[in-house]
Amino acid sequence: MITVDVVDRTAIWATGGGFQGAVGGAVVRSVDGGRSWRDVTPPGGAIEEFRDVEAIDRDHALVLALNNQATGEPVRIYRTADGGASWQQVFRAADPEAFFSCMAFFDHRRGLAVGDATGTKFPLLETVDGGRSWHPAPAGGMPDTLPGTGALATGTCLVTEGRHDA
C-alpha cells in the first residue's frame, strides 16, 4: 500500500509497506518534483507498516504506523520538522488493539485521525498544533456505527474540505 502527499510542484512525500502480510515499510521524500527520492524512514521503520503520510510543507510531515504484531507496538504517529532527518513520536495508542486508519489536515495546525469503530463510535483524534500533540476529539453528533465497521487503512479514508468539514 502506498500513500502520497504532494505539497507543490517540487515537494512530494510518500510512504508504504506492509500490504497483505508483507513486512516492512518506508517513507520517502522528493524535493525535485519526483525526479529523485531520498529515504527518510523513521528509525526502526523497516519493520513498520506505514499507512498514511500528511505533508504540511517540504520540511514538516507526519506518518501513521499501524500496530506491529511482531513487536507488540501499538499505533503510533511520527512527526518531522526537518525533512525527515529526525522524527519524533507524537502519539502512541494506549490500547495495543486500537487501529487508526488515516489522517487529514484542515490547515498547517488543525488535523484529525480516525480509526476503526470501537463499540458504536469511530475513535477520532485531533491536533491543533501541527501534529505535535494528539487528543481524543469530541464524538458528539457522530452517528453510531454498525458492528464490525472499519475504514480501509489507505491514507484516503478521511478527507477535509474548507475550515471545518471532514
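These are my notebook entries on a predicted protein model, written in the order in which I looked things up.

**Entry 1, the whole chain.** I began with the secondary structure and found zero helices and twelve strands, so I checked the order along the sequence too, where the pattern reads β-β-β-β-β-β-β-β-β-β-β-β. I then looked up burial, and of the 166 residues in the protein 45% are buried. Among contacts with a separation of 6 or more, 41% join residues that lie 24 or more positions apart. The accessible surface comes to about 8,600 Å², and carbon and sulfur atoms hold 54% of that area.

**Entry 2, strand β6.** I asked myself how many residues of strand β6 are buried. Five of the five, residues 61-65, are buried, so this strand is largely enclosed by the rest of the structure. I looked at the two faces separately: A61, V63 and A65 are buried on one side, while L62 and L64 are buried on the other.

**Entry 3, the neighbours of β6.** I followed the pairing next, and strand β5 (residues 50-55) runs antiparallel to β6 with five bridges between them, V53 having V63 as its bridge partner. These two strands form a hairpin, with five residues between them. Strand β7 (residues 76-80) also pairs with β6 in the antiparallel sense, over five bridges, and here I noted I77 as the bridge partner of L64.

**Entry 4, a surface patch.** Finally I turned to I2, which sits in strand β1 (residues 2-6). Is I2 buried or exposed? Its relative accessibility is 65%, and because exposed means over 50%, I2 counts as exposed. Together with V4 and V6, I2 forms a nonpolar patch on the surface, with about 310 Å² of accessible area in total.

Technical notes: Residues are numbered from 1 along each chain as its sequence is written. This is a predicted model: local features need pLDDT of at least 70, side-chain atom pairs count only at pLDDT 80 or more; totals for chains, interfaces and linings use all residues. Side-chain values use heavy atoms; hydrogens and water are left out. Helices (H or I, at least four residues) and strands (E, at least two) are DSSP runs, numbered from the N terminus. Buried means under 20% relative accessible area, exposed over 50%, partly exposed in between (1.4 Å probe, protein chains only). Contact means heavy atoms within 4.5 Å. Accessible areas come from the Shrake-Rupley method with a 1.4 Å probe; for residues, only the protein chains shown count as cover. Patches are made of residues with over 30% relative accessible area and no salt bridge: like charges are joined within 9 Å, nonpolar side chains (Val, Leu, Ile, Met, Phe, Trp, Tyr) within 5 Å. A salt bridge is a side-chain nitrogen of Lys or Arg within 4 Å of a carboxyl oxygen of Asp or Glu. Two strands pair if DSSP finds at least two bridges between them.
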